[in-house]
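Work through the exercises below with the sequence and coordinates at hand. Each task is followed by a solution in steps.

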Amino acid sequence: MELGWSLLLWNLAAVMGFMIAVWVLSVLIKNAGIADTFWGLGFVLVAWITFLGAEGYLGRRLLITFLVTAWGLRLALHIGLRSWGRGEDRRYQVWRRQHGERFWWVSLFTVFLLQGVLLWVISLVAQVGQWSPKPDRFIWLDWAGLLLWAVGFFFEAVGDYQLAAFKKNPANKGKAMAQGLWRYTRHPNYFGECLMWWGIFLVTLATPGSFWTVVSPITITFLLLKVSGVSLLERTIVETRPEYREYQQRTSAFIPWFPKRGKS
């Protein structure tokens with residue numbers, strides 16, 4: 001247990017160092033948007049540091065590390081390819097104009113170190129789950145967590161793919177995506193991401209005294225619903241896609257459900 005708490009501190013230091021390095025790169029290339037691409041890779045870093053340093057049941061350590069790595073690498077690749085050659089995301093452009101010449105150092109605290117702290121908090125569930133050697137076998141919570149994670153991975157990966165394909169078609173410019181998984185939820189990718197972290201929480205719950213790590217899935221769920229995900233995106237998208245208001249009225253905001261009848 002003492003080793004576990006030491007690992008938490010080592011991971012916090014590693015995350016801060018990682019985000020500072022990404023910040024330096026962002027200053028050099030004048031693009032703070034790379035924080036989004038490196039976000040998932042930070043979780044991969046934490047998962048592997050914990051895997052190499054923890055003394056928990058090997059099977060569960062491998063499972064948690066695999067789940068985090070698969071999620072983090074896919075997300076980093078997706079965001080990296082999506083943003084390649086497009087310059088800085090407009091959210092960061094707005095902040096850059098607001099802060100002017102101070103943005104280079106303001107972004108260290110308001111973007112990179114803040115994301116580092118959030119990354120560490122969310123990854124607590126993936127760290128603590130690798131501590132305990134007991135139980136020294138997989139139990140039903142491990143399988144339930146893996147199943148929930150797999151459903152979430154499907155929603156996020158397929159949702160991202162469907163949206164990317166939709167946007168590639170020039171005929172869809174200005175239209176609201178309402179096909180595939182997007183017919184049942186306005187944000188299948190965010191819904192999937194939440195499910196994955198709740199799945200990892202179930203795996204971690206198999207280890208003694210780990211319920212407090214519920215702070216991790218609660219944090220990511222809150223961020224995606226109220227801060228950087230659904231609420232922020234929908235405020236922007238309504239301004240650029242007139243059809244979106246009608247889409248909002250007939251489609252579930254987050255949890256997948258059948259579209260409301262009577263509206264095309």
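The exercises treat two helix pairs and two backbone features.

The model is predicted, so local features need pLDDT of at least 70 and side-chain atom pairs count only at pLDDT 80 or more, while totals for chains, interfaces and linings use all residues. Residues are numbered from 1 along each chain as its sequence is written, and side-chain values use heavy atoms, with hydrogens and water left out.

**Exercise 1.** Compare the reach of helix α8 with its expected span, and state how many of its residues are buried.

Solution. Helices are DSSP runs of H or I with at least four residues, numbered from the N terminus. α8 covers residues 188-205, 18 residues in total. The expected span is 1.5 Å times one less than the number of residues, which for α8 is 26 Å. From first to last C-alpha, α8 reaches 25 Å, close to that value. Of its 18 residues, 15 are buried (under 20% relative accessible area, 1.4 Å probe, protein chains only), so α8 is largely enclosed by the rest of the structure.

**Exercise 2.** Determine how α8 is oriented relative to α9, and list the residues in contact.

Solution. Axes are lines fitted to C-alpha atoms over the stretch in contact, and angles run from 0 to 180 degrees between N-to-C directions. For α8 and α9 (residues 215-227) the angle is about 170°, with the axes 9 Å apart. The two helices are therefore roughly antiparallel (over 145 degrees). Contact means heavy atoms within 4.5 Å. α8 contributes Y190, E193, C194, W197, W198 and F201, and α9 contributes P217, I218, I220, T221 and L224. These divide into nine nonpolar, one polar and one charged.

**Exercise 3.** Classify the packing of α4 against α5.

Solution. α4 (residues 90-99) and α5 (residues 103-122) pack at about 140°, and their axes are 9 Å apart. That makes α4 oblique to α5 (outside under 35, over 145 and 65 to 115 degrees). The contact is made by Y92, W95, R96 and H99 of α4 with F103, V106, V111 and Q115 of α5.

**Exercise 4.** Locate the cis peptide bond and the residue other than glycine with a positive phi.

Solution. Most residues other than glycine have a negative phi, and most peptide bonds are trans. The cis bond joins K134 and P135, with omega about -5°. P135 is in the loop between α6 (124-128) and α7 (140-168). K30 has a phi near 55° and is found in the loop between α1 (2-29) and α2 (34-53). With a relative accessible area of 61%, K30 is exposed (over 50%).

Definitions and conventions
Nonpolar A, V, L, I, M, F, W, Y, C, P; charged D, E, K, R; others polar.
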